[in-house]
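Trainee: Got a minute to go through this one with me? I'd like to start with how the chains meet and then look at some helix packing.

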Amino acid sequence: MPVIHYIAFALTAAVIFTVVFVVPPAEGLGNYVRLAFFHIPVAWVSVLAFLMSAWWGQKVLRHHDMLADAKSAASARLGFIFTVLATVSGAVFSKLTWGSYWNWDPRQTTIFVLLLIYGAYLTLRAAIPTQRRARVSAVYALFSFLTVPFLVFIIPRLYFSLHPQPVINGSGHIEMDPVFLWTLIAALLDMTIIYWGLLYHIVCGHRHKDGKDGETI
Amino acid sequence: MIPSAFEGARIVMCKELRVSFRQQAGWCAMLMFALTTLACVSLSLSGGILEPKLQAALLWVILFFSSMAGADRGFADEDMAGTLPTLRLYGASQSVLWGKVGYTFCLLLILAAFLVPLYLIFLDVMILRPLWLLAAIIVGMAGLSIAGTLLGALATGASVRGGIFTVLMLPVILPVFLPGIALTDMAFGGEGGSGSYLLGMILYDLMLGVAASLLFDYLWYDD
């Protein structure tokens, strides 16, 4: 078992303990704020997995690297799961705090479009013959990545949002209680390590099964 | 003599237009799909009056799904007819890409010219700012044709044909689709939309064009 799994296990235990026993109820949100320490990290990993999938996609196109294809596909699969978790946890948080599960808030729209992109990527991958699969998937991963600047940075600013300001706001200041801030940073780090651990596990598993660079993922 | 990329694109576009006029089935299917959808919407509303925002959204939904019946044909038809290897042999990648984008753009403009007047009549819509509607449709159709051509090339040879093109297109085209609805809302007298939306659409179209141009080489010279 690689060391990354031990780190993820220890950090997850520490984050759960802090969120349950140390973090105080937030003003206006009460105990519901604890859900944010799960929701924000899974949403962050959803975007990170998409970025990494596109990054490995360009390596496939430039270097014909089949290991990069395996990583890109694994990242997209994990990204899909993390996006579902972000969507569901966001909907529950929305119901508890704003009174409805879904209202097409800009950030809900963004995460839902990300879900559509992952779904489209995985559908395309399943439908394309093996000899073209790596290249076609890489092209779609990169082409769909064009939407990210619009969805993440522009649409939330064009439409009204119920979401609070980002942690680092427009004026460059961090307006968050230090306990919340450090717990959130630890949770983000933990979820990122979990993502890397799972990615490592999937890619190594397929390489071991195929005896080569995960061509059949 | 090897033609320049621009001349090559013009030749490919003329070839596409000539073939599609000869066959006619693609045009008929797309226009009839648009008419059928419009009739369904109009019948189901039974003369009811809609808000400008809803009118705009319905127009773009019909435009989007009707365009899906024709925007992917560029490469799929070549693949079915078995002419894709010949085109690959004689056509430079950029000439083929931009020739097919030009053809798809013409196709979608004809679709819009057919659908929009009928939509205005059937749903009794008043246009207060026609130039905004015209700009939104031209820029929107340009985005659809660029993305549609590249994604049509991607989907060529897919084992599942029905629906996959729409699944691939919707997330990529949303940054054109949503501002397009807002601008059309403004053209119909609503309060959504502004000049910055049009600028955003144009910028996104440019990004789509640059990305399609860079990525298409990897698909065209793949083996």
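**Interface and helix packing**

Mentor: Sure. This is a predicted model, and the count of salt bridges between chain B and chain A is zero.

Trainee: OK, so how many residues does each chain put into the contact?

Mentor: Chain B gives 31 residues and chain A gives 26.

Trainee: And how much area do chain B and chain A bury between them?

Mentor: About 2600 Å², with 77% of it on carbon and sulfur atoms. On the chain B side, Leu154(B), Pro171(B) and Tyr218(B) supply 21% of the area buried against chain A, more than any other three residues.

Trainee: Switching to helices. How do α4(A) and α5(A) pack?

Mentor: Helix α4 (residues 106-127) and helix α5 (residues 130-144), both of chain A, pack at about 165°, and their axes are 9 Å apart. The angle is over 145, so α4(A) counts as roughly antiparallel to α5(A).

Trainee: Which residues of α4(A) touch α5(A)?

Mentor: Ile117(A), Ala120(A), Tyr121(A), Leu124(A) and Arg125(A). The α5(A) side includes Val136(A), Tyr140(A) and Ala141(A). By type, the residues of this contact are seven nonpolar, two polar and two charged.

Trainee: Left-handed or right-handed crossing for α4(A) and α5(A)?

Mentor: Right-handed. The crossing of α3(A) and α4(A), by contrast, is left-handed.

Trainee: What's the angle between α3(A) and α4(A)?

Mentor: About 145°, with the axes 9 Å apart; α3 covers residues 66-98 of chain A. Among the contact residues are Phe80(A) and Val84(A) of α3(A) and Leu115(A) and Tyr118(A) of α4(A). The contact of α3(A) with α4(A) divides into 11 nonpolar, seven polar and three charged residues.

Conventions
Residues numbered from 1 in each chain as written. Chains lettered and ligands numbered in written order. Predicted model: local features only at pLDDT ≥ 70, side-chain atom pairs only at ≥ 80, totals over all residues. Heavy atoms only, no water. Axes fitted to C-alpha atoms, helices over the stretch in contact; angles between N-to-C directions. Helix = DSSP H or I, 4+ residues; strand = E, 2+ residues; numbered from the N terminus. Parallel < 35°, antiparallel > 145°, perpendicular 65-115°, else oblique. Left-handed = near helix turned anticlockwise from the far one by under 90°. Contact = heavy atoms within 4.5 Å. Nonpolar A, V, L, I, M, F, W, Y, C, P; charged D, E, K, R; others polar. Buried area = accessible area lost by both parts, 1.4 Å probe. Salt bridge = Lys/Arg side-chain N within 4 Å of Asp/Glu carboxyl O.
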